[in-house]
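Biologist: I'm new to this protein. Could you walk me through how to read it?

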Amino acid sequence: MRTWLVTGGAGFIGGNFVLAAVAEGIRIVNLDKLTYAGNLDTLASLSGHSDHVFVQGDIGDRALVQRLLREHRPEAILNFAAESHVDRSIDGPAAFVQTNVVGTLALLEAARDYWRELEGAAREGFRFLHVSTDEVYGSLGEQGAFVETTAYAPNSPYSASKAASDHLVRAFHHTYGLPTLTTNCSNNYGPFQFPEKLVPLIVQKAVAGEALPVYGDGAHVRDWLHVGDHVSALRRVLDAGRPGETYNIGGNAERRNLDVVKTICALVDTRRPREDGLLRESQISFVRDRPGHDRRYAIDAGKLQRELGWVPSVSFERGMVDTVDWYLSHPEWVRRVLDGSYRMERLGEGA
Ligand code: NAD
């Protein structure tokens with residue numbers, strides 16, 4: 001039976017990944033600190049499952065990681081653990097450096113020491129997959145798309161910390177030969193996303209009849225990918241990616257933030273019409289832009305398609321319908337997540 005060490009597996013993308021992997025018969029050791037963004041409710045269906053070993057802890061705790069590696073002998077490490085919210089990184093960058101940079105370094109050192117002691121096929125097959133973001137490339141103009149060779153130009157403390165972690169992963173491959181893989185993915189949406197991120201935030205506020213905050217003029221463009229497609233891309237990269245390489249992952253679905261919000265409004269209107277007959281679009285409220293807000297991201301995922309045959313399978317329209325329906329039918333999950341410190345308040349205004 002295959003065993004993988006997953007970090008950050010109680011978060012949004014890591015949680016979706018763990019659920020899919022265990023369903024496939026892979027044994028997962030899940031190391032997560034359970035910050036405000038980590039939520040064991042996401043993994044409730046795995047409760048008592050012998051193929052899911054949950055360990056609360058920090059990726060920066062090298063002794064703990066070493067113990068888990070010795071005990072469980074994983075064939076791969078997948079690093080999802082991170083501080084992930086740009087607005088929070090504006091208010092408090094230090095936590096981002098601590099986990100995303102210092103924590104990733106500790107994890108890499110433990111992985112390197114473990115891998116060095118492996119022999120034969122186990123050493124040959126071992127992989128360290130680092131999950132990263134397209135935000136490391138900075139902002140685009142009207143045209144063009146990020147490719148794997150685009151120069152890094154991170155603009156927020158979040159993207160700067162992720163860029164630093166990507167560089168450390170690269171260095172561990174070149175310096176020590178650690179068989180690493182790095183993926184840089186566009187904006188994800190789907191079930192189990194913490195409700196501070198755009199899609200679940202707008203669903204909640206639309207239903208509650210509250211103002212729907214759109215930063216600046218709402219014309220910031222992101223490439224949207226359903227989390228299920230991200231999970232399938234990661235599986236493909238883990239199975240067939242070449243050690244030392246990086247792969248961009250994207251959904252071919254560029255949308256302006258304002259249009260994403262309007263799409264959600266229309267879906268909520270058909271499912272839960274307002275009693276006063278007004279449309280949810282009337283709740284849209286343009287608010288002061290995020291400092292340093294990148295204008296446009298677009299991903300060229302051609303390398304992943306050409307080399308590994310991966311393409312996204314969920315259209316933006318289909319994925320949004322499923323996602324809105326998921327949040328509307330899981331109020332309990334949302335309520336329990338929000339029982340923590342976060343209250344959907346505005347963060348990251350910078351001053
Ligand atoms: P998330 O914030 O939902 O989850 C992060 C998880 O990591 C949480 O469960 C948290 O408890 C855990 N964690 C935080 N610090 C930790 C530490 N020091 N040790 C152990 N666990 C810790 O994030 P997400 O949206 O699921 O993102 C996962 C990864 O994917 C991140 O590395 C992020 O940079 C990357 N990514 C996200 C997106 C996106 O659209 N959400 C896009 C591209 C890449």
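**Reading the pocket and the core**

Modeller: Happily! Let's start with a pocket: helix 6 supplies 6 residues to the lining of the second largest pocket, the most of any element. Keep in mind that this is a predicted model.

Biologist: How does one find such a space, and which residues lie nearest the centre of the second largest pocket?

Modeller: Rolling a probe the size of a water molecule over the atoms shows where empty space is left. Here, the second largest pocket has a volume of about 320 Å³. Of its 17 lining residues, Glu148, Tyr152, Arg170, Gly244 and Thr246 lie nearest the centre. Helix 6 (157–176) and strand 6 (180–185) are the elements that each give two or more residues to this lining.

Biologist: How do the lining residues of the second largest pocket divide into nonpolar, polar and charged?

Modeller: That lining has 9 polar residues, 5 charged and 3 nonpolar.

Biologist: And what should I look for in the interior?

Modeller: In soluble globular proteins, nonpolar side chains tend to be buried together. In this protein, the largest nonpolar core has 63 residues, and Trp4, Phe17 and Ile264 have the most contacts inside it. Apart from that core lies another, of 23 residues, including Phe126 and Leu178.

Biologist: Which residues does Ile264 touch, leaving out those up to four places away in sequence?

Modeller: Ile264 touches Val199, Ile202, Val203, Met320 and Val324.

Biologist: How do I judge the overall shape?

Modeller: Compare the radius of gyration with a rule: a compact globule of 351 residues would have one near 20 Å, and the protein's 20 Å agrees. Buried residues make up 55% of the 351.

Key
Residues are numbered from 1 along each chain as its sequence is written. This is a predicted model: local features need pLDDT of at least 70, side-chain atom pairs count only at pLDDT 80 or more; totals for chains, interfaces and linings use all residues. Side-chain values use heavy atoms; hydrogens and water are left out. A nonpolar core is a set of buried Ala, Val, Leu, Ile, Met, Phe, Trp, Tyr and Cys residues joined through side-chain atoms within 4.5 Å. Buried means under 20% relative accessible area, exposed over 50%, partly exposed in between (1.4 Å probe, protein chains only). Contact means heavy atoms within 4.5 Å. On a 1 Å grid over the protein atoms alone, a cavity is a set of points where a 1.4 Å probe fits but cannot get out, and a pocket is an open set with protein on both sides within 12 Å along at least five of seven lines; lining residues have an atom within 4 Å of a point. Grid points are joined across faces, edges and corners, and a volume is the space filled by probe spheres set on the points. Helices (H or I, at least four residues) and strands (E, at least two) are DSSP runs, numbered from the N terminus. Ala, Val, Leu, Ile, Met, Phe, Trp, Tyr, Cys and Pro count as nonpolar, Asp, Glu, Lys and Arg as charged, and the others, Gly among them, as polar. The radius of gyration is taken over C-alpha atoms; the globule rule is 2.2 Å times the number of residues to the power 0.38.
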